[in-house]
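User: I've got a model open here and I'd like to know where the labels people put on it come from. Can you walk me through them?

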Amino acid sequence: MIVVQYILPTLRTAIAKELIEKHGLRNTEVAEKMNVTPAAITQYLNKSRGESASTIIEGSSRVMNLVSEITRDLAQGESPADMLLLKLCLACNAVRSEGLICDLHKEEMPSLRQVSCACSLGLVGWGEERRK
């Protein structure tokens with residue numbers, strides 16, 4: 001739930017901002033490339049969506065590099081949708097593997113404040129372990 005509520009909107013906000021600021025796209029072009037409505041782009045830019053985890057995302061050079069890759073790919077229009085989705089998943093995994101999501105977990109679930117947050121860290125690579 002944390003990823004859907006906080007991380008994905010924040011990643012989308014970062015991508016939208018970069019498409020506009022670095023690639024000079026208009027809001028409607030960004031909406032089309034990101035498969036969202038122009039209203040969603042406006043909300044991202046006005047910080048009414050996707051702002052709550054921005055300091056978490058911006059604090060990771062690995063995540064921000066992936067955001068830049070996704071943005072470049074979207075701007076150039078050369079990457080297939082499945083590759084863009086894969087890079088978005090890699091960004092979410094980076095947030096988890098770097099432990100960036102732990103503070104959000106503890107905020108949403110006060111019972112986690114008394115323990116070291118390992119729930120998100122345990123999910124990274126979990127799918128590979130289950131397949132073995």
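**Where the labels come from**

Analyst: Let's start in a loop: Asn-35 sits between helix H2 (27-34) and helix H3 (38-45). Keep in mind that this is a predicted model.

User: Why is Asn-35 called exposed?

Analyst: The cut-off for exposed is over 50% relative accessible area. Asn-35 comes out at 71%, so Asn-35 counts as exposed.

User: And what makes the phi of Asn-35 worth a remark?

Analyst: Phi of Asn-35 is near 60 degrees, a positive value, and Asn-35 isn't a glycine. Most residues other than glycine have a negative phi.

User: OK, on to the helices on either side of that loop. Why is H2 called roughly perpendicular to H3?

Analyst: Their axes cross at roughly 110 degrees and come within 8 Å. Angles of 65 to 115 degrees count as roughly perpendicular, and that's why H2 and H3 get that label.

User: Which residues make the contact between H2 and H3?

Analyst: From H2 you have Asn-27, Val-30, Ala-31 and Met-34, and they meet Pro-38, Ile-41, Thr-42 and Leu-45 in H3. Sorted by type, the residues of this contact are six nonpolar, two polar and no charged.

User: What about H1 and H2: why is that pair called oblique?

Analyst: H1 and H2 pack at about 135 degrees, with 10 Å between their axes. Roughly perpendicular stops at 115 degrees and roughly antiparallel needs over 145, so H1 ends up oblique to H2. The crossing of H1 past H2 is right-handed. On the H1 side the contact uses Arg-12, Ile-15, Ala-16, Leu-19 and Ile-20, and on the H2 side Asn-27, Val-30 and Met-34. By type, that's six nonpolar, one polar and one charged.

User: H1 also packs on H6. How do you know that those two are oblique?

Analyst: Helix H1 (residues 2-21) and helix H6 (residues 81-97) make an angle of about 120 degrees, and their axes are 11 Å apart. The roughly perpendicular range is 65 to 115 degrees, while roughly antiparallel is over 145, so H1 and H6 are oblique to each other. Here too, H1 passes its partner, H6, in a right-handed crossing.

User: What makes up the contact of H1 with H6?

Analyst: H1 brings Val-3, Ile-7, Leu-8, Leu-11 and Ile-15, which meet Leu-88, Ala-91, Cys-92, Val-95 and Arg-96 in H6. The split is nine nonpolar, no polar and one charged. Ile-15 is worth a second look, since Ile-15 is listed in this contact and also in the one with H2.

User: Now Lys-87, which is in H6. Why is Lys-87 called buried?

Analyst: Buried means under 20% relative accessible area. Lys-87 has 16%, so Lys-87 counts as buried. Not counting residues up to four places away in sequence, Lys-87 touches Leu-66, Glu-69, Ile-70 and Asp-73. One of these is 21 residues away along the chain: the C-alpha atoms of Lys-87 and Leu-66 are separated by 6.6 Å.

User: Asp-73 is on that list too. How do you know whether Asp-73 is buried or exposed?

Analyst: Same kind of test, with the cut-off for buried at under 20%. Asp-73, in helix H5 (residues 61-76), has a relative accessible area of 8%, so Asp-73 is buried. Leaving out neighbours within four places in sequence, Asp-73 contacts Glu-78, Ser-79, Leu-84 and Lys-87.

User: And Gly-99? Why does Gly-99 get the label "partly exposed"?

Analyst: That label covers what falls between buried, under 20%, and exposed, over 50%. Gly-99 has 23% relative accessibility, so Gly-99 counts as partly exposed. You'll find Gly-99 in the loop between H6 and helix H7 (102-108). Gly-99 and Ile-56 are 43 residues apart in sequence, and their C-alpha atoms are 9.9 Å apart in space.

User: Last one: what does the whole protein look like in these terms?

Analyst: The protein has nine helices and zero strands. Of its 132 residues, 36% count as buried. The exposed surface is about 7900 Å², with 51% of it supplied by carbon and sulfur atoms. As for contacts between residues at least 6 apart in sequence, 64% join residues at least 24 apart.

Key: Residues are numbered from 1 along each chain as its sequence is written. This is a predicted model: local features need pLDDT of at least 70, side-chain atom pairs count only at pLDDT 80 or more; totals for chains, interfaces and linings use all residues. Side-chain values use heavy atoms; hydrogens and water are left out. Axes are lines fitted to C-alpha atoms, for helices over the stretch in contact, and angles run from 0 to 180 degrees between N-to-C directions. Helices (H or I, at least four residues) and strands (E, at least two) are DSSP runs, numbered from the N terminus. Angles under 35 degrees count as roughly parallel, over 145 as roughly antiparallel, 65 to 115 as roughly perpendicular and the rest as oblique. A crossing is left-handed if the near helix is turned anticlockwise from the far one by less than a right angle, and right-handed if clockwise. Contact means heavy atoms within 4.5 Å. Ala, Val, Leu, Ile, Met, Phe, Trp, Tyr, Cys and Pro count as nonpolar, Asp, Glu, Lys and Arg as charged, and the others, Gly among them, as polar. Buried means under 20% relative accessible area, exposed over 50%, partly exposed in between (1.4 Å probe, protein chains only). Accessible areas come from the Shrake-Rupley method with a 1.4 Å probe; for residues, only the protein chains shown count as cover.
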